[in-house]
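Reader: I'm new to reading protein models and would love a guided close look at one part of this one. Could you pick a region, walk me through it slowly, and then show me how it fits with the rest?

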Amino acid sequence: MAAVATCGSGAGSTGSAVATASKSNVTSFQRKGPRASGTNDSGPRLVSIAGTRPSVRNGQLLVSTGLPALDQLLGGGLAIGTVLLIEEDKYNIYSPLLFKCFLAEGIVNGHSLLVASAKEDPANILQDLPAPLLDDNSKKEFDEDVYNHKTPESNIKMKIAWRYQLLPKMEIGPVSSRFGHYYDASKRIPQELIEASNWHGFFLPEKISSTLKVEPCSLTPGYIKLLQFIQNIIYEEGFDGSNPQKKQRNVLRIGIQNLGSPLWGDDICCVENGSNSHSLTKFLYVLRGLLRTSLSACIITMPTHLIQNKAIIARVTNLSDIVIGLESFIGSERETNPLYKDYHGLIHIRQIPRLNNLICDESDVKDLAFKLKRKLFTIERLHLPPDLSDTVSRSSKQDLAGSTKRLGPGCGMMAGGKKHLDF
Amino acid sequence: MLDSLLSLGGLVLLRDSVEWEGRSLLKALVKKSALCGEQVHILGCEVSEEEFREGFDSDINNRLVYHDFFRDPLNWSKTEEALPGGPLGALRAICKRTDPGPVTIALDSLSWLLLHLPCTTVCQALHAVSHQDSCPGDSSPAGKVSVLGLLHEELHGPGPVGALSSLAQTEVTLGGTKGQASAHILCRRPRQRPTDQTQWFSILPDFSLDLQEGPSVESQPCSDPHIPPVDPTTHLTFNLQLSKKEREARDSLILPFQFSSEKQQALLRPRPGQATSHIFYEPDAYDDLDQEDPDDDLDI
């Protein structure tokens with residue numbers, strides 16, 4: 001394993017050495033062509049599509065997910081040809097926001113959109129997209145939010161380690177105006193941007209008649225229709241290279257909402273061992289095949305908390321490329337826990353793909369929390385205080401004494417008492 | 001809030017159990033919406049029509065439109081008045097021919113529908129019915145459709161119940177203590193946090209709703225009186241608590257490696273272009289600051 005890792009890093013360094021050498025024109029090494037993704041046609045032409053950039057780690061072409069913090073966690077963005085699966089939170093409040101940021105990013109960059117839903121009309125979904133923050137305002141507002149968040153508490157906590165106040169809560173890479181935008185969740189996207197964009201909608205109740213008979217051991221009719229629709233769009237608009245695109249090449253962003261819910265005709269949320277329990281996994285398999293052969297990226301939200309058979313969740317995770325789970329604190333006992341009082345929920349990054357690579361690109365931060373402020377949706381590292389055992393001294397932390405009661409029976413007796421020990 | 005359940009529209013799920021039955025609450029809500037002048041349709045599948053109409057006075061009975069699926073659920077008698085498509089066909093037919101005006105549809109019961117029809121079909125039909133007014137974009141109260149579904153929780157596993165509650169706009173779970181019934185109301189509005197509330201109520205014999213305060217709260221059970229709590233800090237030779245004066249003195253102590261507060265603030269103010277921390281290094285006498293590579297003069 002270690003030998004492989006050094007081999008990989010060695011290849012990376014020679015690649016960069018070649019790049020710098022060719023820039024200074026000293027050596028005879030010439031770069032053959034740009035390191036574009038495999039889905040573009042090969043050749044020395046530099047393919048530049050608006051809103052994409054090549055990954056610095058594995059050479060895949062990336063698009064932004066609409067949240068720069070999420071892009072940072074996924075290693076730069078969502079690779080073209082892959083599926084991003086979002087496991088919805090229990091009351092479905094925050095996952096539509098991620099879904100809409102992805103679509104809004106597509107509109108702002110001029111990509112084509114394909115929106116599929118069984119619950120809401122895609123035209124209504126598009127009316128609801130958040131408005132992008134322009135470049136000069138966004139950095140100012142974002143910095144204001146971050147700075148306001150830091151100063152009130154830092155004066156209380158950091159008396160000895162005060163130099164750590166300068167460390168940012170989350171590394172945010174540079175956000176250029178062409179990749180990754182911030183969105184204002186309280187405003188709607190301007191109507192002219194929607195009209196200028198090229199979008200296709202798939203609303204299941206319109207496409208399917210209610211008296212269709214379901215054949216056993218095949219895909220649910222809703223899924224069949226959706227796959228045919230996606231395939232038609234990809235073929236007709238030339239995202240897979242079959243019809244050569246006369247205009248500038250473009251990326252298709254596909255968004256599928258609430259996949260697997262009973263409204264799609266799939267019974268995995270209702271029964272544990274239904275007759276069509278392989279329908280969803282077959283759908284994902286065919287969808288990934290369509291995506292890998294075209295210039296498209298897909299986001300899917302799925303209510304996995306309703307799926308009765310846990311084996312299906314494991315199969316769905318294996319069949320997707322990136323899996324992110326959202327867990328909101330509403331309605332659970334964590335809502336009143338003072339440890340989580342600043343945040344609205346936790347984000348779990350369950351899977352990151354290894355695309356043409358032996359190692360995957362995970363960030364070192366594993367415990368992440370999100371919060372939806374008035375305008376922005378931010379993802380931050382969850383700063384938990386260290387273990388509250390009975391020998392630790394804190395000043396005037398009466399509220400933490402209350403929270404230690406919630407820490408389960410494994411803690412010592414003293415931690416559960418009301419009196420707190422001060423040294 | 002129990003009396004304004006129907007004003008929100010959409011699917012209202014009434015979850016009852018064997019101890020706390022929900023049909024009387026269903027009939028109370030039906031009576032209330034009939035008195036408000038809305039059109040009321042009843043899909044009766046579980047009890048007979050006479051039993052459902054029992055307890056209502058005649059003018060309410062005249063306003064209810066009753067679709068009977070109890071007497072002949074599989075349509076064996078093949079009369080013309082049987083509606084095609086079963087209960088779901090009747091549901092869709094109600095929505096198609098609705099005159100402008102709010103409509104309330106009471107399903108008695110959803111459990112019967114779930115046991116006779118596939119769950120996905122029921123979910124799709126309920127979604128189509130309860131969302132048909134949101135197509136034009138503006139939700140005028142004229143075409144508002146409310147669907148009241150009675151669901152017996154104990155008959156179904158967690159799957160169908162979870163699927164239906166994710167579709168429902170309002171969920172009322174019946175419970176109670178000691179003869180007093182309570183309704184736990186969970187209201188999901190789109191894109192907003194769900195709100196929940198517990199309301200104690202009782203149903204009067206003429207099926208009108210009587211909202212009540214909860215039962216008196218009992219005194220908290222005191223801790224086990226046999227074992228008095230032992231306080232281990234009573235006979236110590238050292239001090240474990242800080243008095244207020246001592247705490248203030250500790251807070252005002254200047255730590256050895258800490259700058260004064262002005263210099264600390266000056267360093268902390270984020271200078272333009274710097275977001276990271278710095279290392280300040282002063283080279284001492286033994287450091288060689290020559291930038292050249294010492295291996296350059298090797299002759300290899």
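Author: Happy to: we will start with the cores and the helices of chain A, and then visit some strands and a few unusual backbone spots. Please keep in mind that this is a predicted model.

Let's begin with the general picture of chain A. Its secondary structure comes to 12 helices and 14 strands. Of its 423 residues, 46% are buried. If you take the contacts in chain A between residues at least 6 apart in sequence, 71% of them join residues at least 24 apart. Turning to the outside, chain A exposes about 21,400 Å², and carbon and sulfur atoms supply 55% of that area.

Now for the close look. The largest nonpolar core has 72 residues, and those touching the most other members are Ile256(A), Leu259(A), Trp264(A), Phe283(A), Leu287(A) and Ile105(B). Helix H8 of chain A, residues 221-236, gives the most to this core, with 7 residues. Try zooming in on Leu287(A): leaving out residues up to four places away in sequence, it touches Leu227(A), Ile230(A), Ile256(A), Cys298(A) and Ile300(A). There is also a second, separate core of 46 residues, and among its members are Leu74(A), Ile107(A), Ile299(A) and Val365(A).

Next, find helix H9 of chain A (residues 279-292) and helix H10 of chain A (residues 310-319). Their axes come within 10 Å and cross at roughly 0 degrees. Angles under 35 degrees count as roughly parallel, so H9(A) and H10(A) are roughly parallel to each other. Where they meet, H9(A) brings Leu280(A), Thr281(A), Leu284(A), Tyr285(A) and Arg288(A), while H10(A) brings Arg315(A), Val316(A), Asn318(A) and Leu319(A).

The loop between strand E9 (252-256) and H9 of chain A holds Asn258(A). This residue has a positive phi of about 55 degrees although it is not a glycine. Is Asn258(A) buried or exposed? Its relative accessible area is 7%, and buried means under 20%, so Asn258(A) is buried. Compare Asn356(A), in the loop between strand E12 (345-351) and strand E13 (368-372) of chain A. Its phi is also positive, near 50 degrees, but Asn356(A) is exposed, with a relative accessible area of 69%.

Chain A also has an open sheet of 3 strands in the order E1-E2-E3, with antiparallel pairing. Strand E1 (52-54) and strand E3 (78-79) of chain A are the edge strands, each pairing on one side only. E1(A) pairs with strand E2 of chain A (residues 61-63) over 3 bridges, and Thr52(A) stands opposite Val63(A).

Finally, let's move to chain B. Strand E2 of chain B (residues 39-44) is mostly covered, with 5 of its 6 residues buried. It runs parallel to strand E4 of chain B (residues 103-108), joined by 6 bridges, and Gly44(B) has Asp108(B) as its bridge partner there. E2(B) also runs parallel to strand E3 of chain B (residues 64-68), through 5 bridges, with Val40(B) partnered by Leu64(B). Asp108(B) deserves a second glance: a cis peptide bond joins it to Ser109(B), with omega about 5 degrees. Ser109(B) sits in the loop between E4 and helix H5 (110-116) of chain B.

Methods:
Residues numbered from 1 in each chain as written. Chains lettered and ligands numbered in written order. Predicted model: local features only at pLDDT ≥ 70, side-chain atom pairs only at ≥ 80, totals over all residues. Heavy atoms only, no water. Buried < 20%, exposed > 50% of the residue type's maximum accessible area, 1.4 Å probe, protein only. Helix = DSSP H or I, 4+ residues; strand = E, 2+ residues; numbered from the N terminus. Pairing = 2+ DSSP bridges. Contact = heavy atoms within 4.5 Å. Areas by Shrake-Rupley, 256 points an atom, 1.4 Å probe, with all protein chains shown as cover. Core = buried A, V, L, I, M, F, W, Y, C linked by side-chain atoms within 4.5 Å. Axes fitted to C-alpha atoms, helices over the stretch in contact; angles between N-to-C directions. Parallel < 35°, antiparallel > 145°, perpendicular 65-115°, else oblique.
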